[in-house]
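Q: I am new to this structure and would like a close look at one part of it. Could you walk me through it step by step?

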Amino acid sequence: MKNVSIRLIIKPDFDVPGMVGGLAKLTQFKKEFEPTSHEEGLRLMKKVVELGHTSLLECADFGFIFGSTSRVFLAQITRHRVASYMSGSQQYQDHTDFPYVIPESIQDNPASMYKYTEIMGLINEAYIALSTEVGKDDARYVLPGATANHLFAKFNLREIIGPIMTQRICRRNTPEPLSNVRKMIQVMVDAGFKECVQLGGCACITEGRCDQGRMSCGKPYTSWEEMV
């Protein structure tokens with residue numbers, strides 16, 4: 001979605017490959033822990049991902065602010081359980097003239113845009129009337145999934161390169177989560193963590209083949225850069 005902003009507000013203050021490399025060696029050698037060099041750690045990190053020993057990646061946490069995304073996205077992203085979330089409250093806020101997310105397919109179609117904004121106006125009128133009649137706690141039930149929402153989410157690296165990148169960047173995903181997670185990964189790349197997120201992605205990139213069977217989109221990504 002065009003208007004969604006994503007900020008990285010929590011990130012590791014250590015060299016992630018070096019830390020993962022040190023933890024990998026901790027499991028094999030009887031000696032005190034110490035991080036490895038960046039290069040050695042990156043080699044070991046790639047190896048443990050290849051072998052499926054990804055619990056070592058849980059040491060690195062990343063926290064994001066998703067600004068003005070929808071309640072629909074909130075419902076989808078919170079299916080990722082190994083995470084922490086904090087969402088804008090519908091109970092404590094007055095949602096008169098509530099902002100809402102507009103899918104690009106609707107933005108690009110004048111007739112659809114007219115219908116969409118018209119119904120949002122009617123919902124707003126209903127919310128205001130219900131707030132007067134029954135209070136805003138019960139009036140909020142009329143608010144649509146498109147209602148804009150500010151969301152904080154924190155994931156560890158294992159969750160990011162595993163379930164999130166595997167599922168949410170797949171072309172079979174719906175447009176808003178696909179767009180938001182792509183932006184999330186780009187924010188990590190811009191912050192210097194490209195080597196970390198390059199270890200993840202859809203099966204068509206990481207495995208060289210689609211894992212969706214008959215539900216395949218039929219349009220596999222041809223490179224990691226195309227995917228993100």
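Does Phe-62 count as buried or exposed, and what is its relative accessibility?

A: Happy to help! This is a predicted model, in which local features need pLDDT of at least 70 and side-chain atom pairs count only at pLDDT 80 or more, while totals for chains, interfaces and linings use all residues. Residues are numbered from 1 along each chain as its sequence is written, and side-chain values use heavy atoms, with hydrogens and water left out.

Phe-62 counts as buried because its relative accessibility is 0%; buried means under 20% relative accessible area, exposed over 50%, and partly exposed in between, with a 1.4 Å probe and protein chains only.

Now look at what surrounds this residue. Beyond its neighbours within four places in sequence, Phe-62 is in contact with residues including Leu-8, Ile-10, Pro-12, Ala-153, Phe-155, Leu-157, Ile-160, Met-188 and Phe-193 (contact means heavy atoms within 4.5 Å). Phe-62 also belongs to the largest nonpolar core, which has 43 residues; together with Phe-64, Leu-157, Ile-160, Met-165, Ile-185 and Met-188, Phe-62 touches the most other members. Such a core is a set of buried Ala, Val, Leu, Ile, Met, Phe, Trp, Tyr and Cys residues joined through side-chain atoms within 4.5 Å. Helix H8 (residues 175–190) gives this core its largest share, 6 residues; helices (H or I, at least four residues) and strands (E, at least two) are DSSP runs, numbered from the N terminus.

Next come the aromatic rings. Rings of Phe, Tyr and Trp (its six-membered ring) pair if their centres lie within 6.5 Å; planes under 30 degrees apart count as stacked, over 60 as edge-to-face and the rest as tilted. By this rule there are 7 aromatic pairs. In one of them, Phe-62 and Phe-193 sit edge-to-face, 5.0 Å centre to centre, with 85 degrees between the planes. Phe-62 lies in strand S2 (residues 61–70) and Phe-193 in the loop between H8 and helix H9 (194–197), so this pair ties together parts that are 131 residues apart in sequence. Phe-193 counts as buried too, because its relative accessibility is 9%.

Another pair, Phe-64 with Phe-155, is tilted: 6.3 Å centre to centre and 40 degrees between the planes. Here Phe-64 in strand S2 is linked to Phe-155 in strand S4 (residues 148–156), 91 residues apart. Both Phe-64 and Phe-155 are buried, and they form one aromatic cluster with Phe-66, Phe-73 and Tyr-85.
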